[in-house]
Amino acid sequence: MSAESYQLNPHQWVNAHADYLYAFAIRRINNEELSKDLVQETFLAALEKAAKFEGKSSERTWLTAILKNKIIDVYRKKSSGLSKEVKQAEHEQQDFFEADGHWRAEYRPLEFGIEHIDPLINKEFNTILQMCMEKLPALWMAVFSMKHIDGEETTVICTELKVSASNFWVIIHRAKLNLRACLQKNWG
Amino acid sequence: MGYLKKIQYNCKHATFLIEKKMVGRLSFREIIELRIHLMGCSVCVLFSKQSRVINEMVQQLFKSSMPGEIRLDDSFKKELQERIEAELNKN
């Protein structure tokens with residue numbers, strides 16, 4: 001197949017891609033109504049841009065890229081209280097560690113069998129993992145998913161979400177500490 | 001406290017470096033600091049292991065299509081396709 005062979009077929013868009021795009025959105029913003037809106041906006045924006053489609057990526061990849069931008073807009077709007085969130089994060093970090101940097105006894109990592117779980121098979125664990133992710137502040141979840149799931153460049157994330165490089169690392173660190181502690185607490 | 005002691009005691013810094021290493025690049029100094037810490041701290045070794053597993057699980061969760069679990073309702077889809085057809089007919 002040549003690289004220019006991809007074509008758009010809007011008559012089949014909903015059948016072929018709507019569920020996929022909806023699932024993509026809902027995992028990232030965790031809001032059914034908003035996700036529905038974004039899927040609709042994605043298709044309508046795609047129609048407007050259809051003339052510019054060069055056929056270099058598949059229809060689904062192209063639609064997903066449009067959706068991604070819309071999700072980032074949502075992240076931006078949600079994280080307007082951004083600097084406050086990060087300050088709170090830095091403050092709460094004290095909870096996990098003593099002043100000298102040692103783990104506080106109640107937060108010290110313990111073995112809780114996480115290595116032996118397949119979240120796709122274990123529904124109960126899957127539910128807890130999702131619950132723990134939903135507990136993270138919106139901005140943290142945005143940074144976390146853009147980095148760990150979409151593999152975006154750090155500089156891109158910082159620019160898109162208007163986060164400084166040092167705050168980026170605070171969020172990455174803090175998000176993981178929280179997620180891990182939540183899993184240990186609810187599963188271990 | 002001496003420099004070495006500080007590194008050995010500071011799990012907060014060590015876990016920060018563990019997370020940084022996973023998505024970015026550590027400086028030479030940071031690599032050495034992390035190694036020294038992990039040599040003497042089994043708790044942070046465990047954290048590192050768990051952290052990697054968590055990343056894999058989150059990725060698996062997001063990338064799996066899980067057919068049938070997250071779906072739009074049919075009436076919404078029908079309306080959506082009609083909306084698209086209407087836009088197409090405008091041109």
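**Exercise 1. Find the order of the elements of chain B from the N terminus on, and count its helices and strands.**

Solution. Start at the N terminus of chain B in this predicted model and walk along the chain: the elements run α-α-α-α-α. The count then follows easily, with 5 helices and 0 strands in chain B.

**Exercise 2. Set the radius of gyration of chain B against that of a compact globule of 91 residues.**

Solution. Begin with the reference: for a compact globule of 91 residues, a value near 12 Å would apply. Chain B, however, has a radius of gyration of 24 Å. Next, look at the C-alpha trace along its principal axes, where chain B spans about 75 × 30 × 15 Å.

**Exercise 3. Work out which residues of chain A and chain B are involved in their contact, by number, element and class.**

Solution. First, the totals: chain A brings 40 residues into contact with 36 residues of chain B. Second, the elements: on the side of chain A that touches chain B, at least two residues each come from α1, α2 (32-49), α5 (123-135), α6 (138-148) and α8 (165-187). Third, the classes: this side of chain A holds 23 nonpolar, 7 polar and 10 charged residues.

**Exercise 4. Describe how helix α1 of chain A packs with helix α5 of chain B.**

Solution. Locate the two helices: α1(A) covers residues 13-29 and α5(B) covers residues 74-90. Their axes lie 10 Å apart, at an angle of about 125 degrees. Angles of 65 to 115 degrees count as roughly perpendicular and those over 145 as roughly antiparallel, so α1(A) is oblique to α5(B). As for handedness, α1(A) passes α5(B) in a right-handed crossing.

Now turn to the residues. From α1(A) come A:Trp13, A:Val14 and A:Ala18, and they meet B:Lys77, B:Leu80, B:Gln81 and B:Ile84 of α5(B). Sorted by class, the residues of this contact are 5 nonpolar, 1 polar and 1 charged.

**Exercise 5. Divide chain A into its domains, then characterise the side of domain 1 that touches domain 2.**

Solution. Take the bounds first: domain 1 of chain A is 10-78, and domain 2 is 80-187. The contact between them takes 7 residues from domain 1 and 7 residues from domain 2. On the domain 1 side, helix α3 of chain A (residues 59-78) gives the most, with 5 residues. Finally, sort that side by class: 2 residues are nonpolar, 1 is polar and 4 are charged.

Note on methods. Residues numbered from 1 in each chain as written. Chains lettered and ligands numbered in written order. Predicted model: local features only at pLDDT ≥ 70, side-chain atom pairs only at ≥ 80, totals over all residues. Axes fitted to C-alpha atoms, helices over the stretch in contact; angles between N-to-C directions. Helix = DSSP H or I, 4+ residues; strand = E, 2+ residues; numbered from the N terminus. Parallel < 35°, antiparallel > 145°, perpendicular 65-115°, else oblique. Left-handed = near helix turned anticlockwise from the far one by under 90°. Contact = placed C-beta atoms within 7 Å. Nonpolar A, V, L, I, M, F, W, Y, C, P; charged D, E, K, R; others polar. Domains from an automatic or database assignment. Rg over C-alpha atoms; globule rule 2.2 N^0.38 Å.
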